[in-house]
Amino acid sequence: MRDRAKAGRRIYQDIAHRLTEEIASGVLAEGSRLPSERALAERFKASRTSVREALLALQAAGLISVSQRSRAKVTPLSTPAFFAQLSAAAKWLLRRPNGVADFQEARILFECSLARYAAHHASPKEIERLALALAENKRALGKPTVFVKTDAEFHGILAEIPRNPIFPALNKALCEWLMEQRTVGISVRGAARRAYEGHKKVYEAIAAHDPEAADRAMSEHLKKVSEYYHKANSPPQ
């Protein structure tokens, strides 16, 4: 009985492995539908139960989406599904001593690089998108919930400029993992205005195609965000 269970696990793992290779190689393209469970079972000479378990494993890895009413679909590379799988680990790391500070440091390194890249490579249209996002951010001053949203949108555009699908997904994951930092920090008086001013300096450096200034402006902006978060969490004197 135990040997049969082990064999069953090997079968679904083999199916999952082979489908993963097809997704990675492009044989199964982004957004395409996988064959039906019945067709997959015939192809791999396996039970539909083994196929279903393989599909669930691929879904858990963020490689496909499974719907009861239609065939499984290969998820786009830009999906944050993979990083969503890391959320439990991220939350655990955030609860560790200095956990938030560690994530803040990772965000600074990541976003400073994005700012430098944008200053080098942003097109006129991308700079215009940043300008519009900055204007929306300014209009949201005095509206904390809307401000946090426009804040995330400004940073999201920077992640899209390199046209690397990993960066928007990673940016969205970091945004979600550090959402408490954004919402708590913004509650400090003057924090929203200072954040907007930080965005403005980043934008101006990118528009001027000055990578050093963009890197410096982003670093100063995110360090100030961290300071406001720690100030909000500090016990009253």
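## Residue environments and helix packing in a predicted model

T49 is located in helix α3. In this predicted model, T49 is partly exposed, its relative accessible area being 46%. Its C-alpha atom is separated from that of E37 by 9.0 Å, and the two residues are 12 residues apart along the chain.

Helix α3 covers residues 48-60 and also contains Q59. With a relative accessibility of 30%, Q59 counts as partly exposed. The C-alpha atoms of Q59 and T75 are 9.1 Å apart, for a separation of 16 residues along the chain.

**The chain overall**

There are 12 helices and two strands in the chain. Their order along the sequence is α-α-α-β-β-α-α-α-α-α-α-α-α-α, so the two strands follow the third helix in that pattern, with helices on both sides. Of 237 residues, 39% count as buried. The accessible surface of the chain is about 14,100 Å², and carbon and sulfur atoms hold 53% of that surface. Among contacts in the chain with a separation of 6 or more, 72% are between residues 24 or more positions apart.

**Packing around helix α8**

Helix α8 (residues 144-160) packs with helix α11 (residues 191-207) and with helix α9 (residues 166-177). The table gives the geometry of each pair.

| Pair | Angle between axes | Distance between axes |
|---|---|---|
| α8 and α11 | about 20 degrees | 11 Å |
| α8 and α9 | about 155 degrees | 8 Å |

How are α8 and α11 oriented to each other, roughly parallel or roughly antiparallel? Angles under 35 degrees count as roughly parallel, and the angle here is about 20 degrees, so α8 and α11 are roughly parallel to each other. The crossing of this pair is left-handed. On the α8 side the contact involves F147, D151, F154, H155 and L158. These meet A192, A195, Y196, H199, V202, Y203 and I206 in α11.

For α8 and α9 the angle is about 155 degrees. Angles over 145 degrees count as roughly antiparallel, and therefore α8 and α9 are roughly antiparallel to each other. The crossing of α8 and α9 is right-handed. Here the α8 residues are A152, H155, G156, A159 and E160, which meet F167, P168, N171 and C175 in α9. H155 thus takes part in the contact with α11 and also in the contact with α9.

**Two buried residues**

R107 belongs to helix α6, which covers residues 99-121. Is R107 buried or exposed? Its relative accessible area is 6%, so R107 is buried, the limit for buried being under 20%. The side chain of R107 makes a polar contact with the side chain of E111, at 2.7 Å. Leaving aside residues up to four places away in sequence, R107 touches H155, L174, L178, Q181, R182 and L222. One of these, H155, is a residue of α8 that meets α11 and α9.

S219 sits in helix α12 (residues 211-233). Its relative accessibility is 14%, and S219 therefore counts as buried. Which residues does S219 touch, not counting those up to four places away in sequence? They are I108 and C112.

**Two loop residues with positive phi**

Most residues other than glycine have a negative phi. K45 has a phi near 55 degrees, a positive value in a residue other than glycine. K45 lies in the loop between α2 (37-44) and α3, and at 77% relative accessibility K45 counts as exposed.

R163 also has a positive phi, near 60 degrees, and is likewise a residue other than glycine. Where does R163 lie? Its place is the loop between α8 and α9. Why does R163 count as exposed? The relative accessibility of R163 is 63%, and exposed means over 50%.

Methods. Residues are numbered from 1 along each chain as its sequence is written. This is a predicted model: local features need pLDDT of at least 70, side-chain atom pairs count only at pLDDT 80 or more; totals for chains, interfaces and linings use all residues. Side-chain values use heavy atoms; hydrogens and water are left out. Helices (H or I, at least four residues) and strands (E, at least two) are DSSP runs, numbered from the N terminus. Buried means under 20% relative accessible area, exposed over 50%, partly exposed in between (1.4 Å probe, protein chains only). Contact means heavy atoms within 4.5 Å. Accessible areas come from the Shrake-Rupley method with a 1.4 Å probe; for residues, only the protein chains shown count as cover. A polar contact is a pair of N or O atoms within 3.5 Å; within protein, one must be able to donate a hydrogen and the other to accept it, and residues adjacent in sequence count only if both atoms are side-chain atoms. Axes are lines fitted to C-alpha atoms, for helices over the stretch in contact, and angles run from 0 to 180 degrees between N-to-C directions. Angles under 35 degrees count as roughly parallel, over 145 as roughly antiparallel, 65 to 115 as roughly perpendicular and the rest as oblique. A crossing is left-handed if the near helix is turned anticlockwise from the far one by less than a right angle, and right-handed if clockwise.
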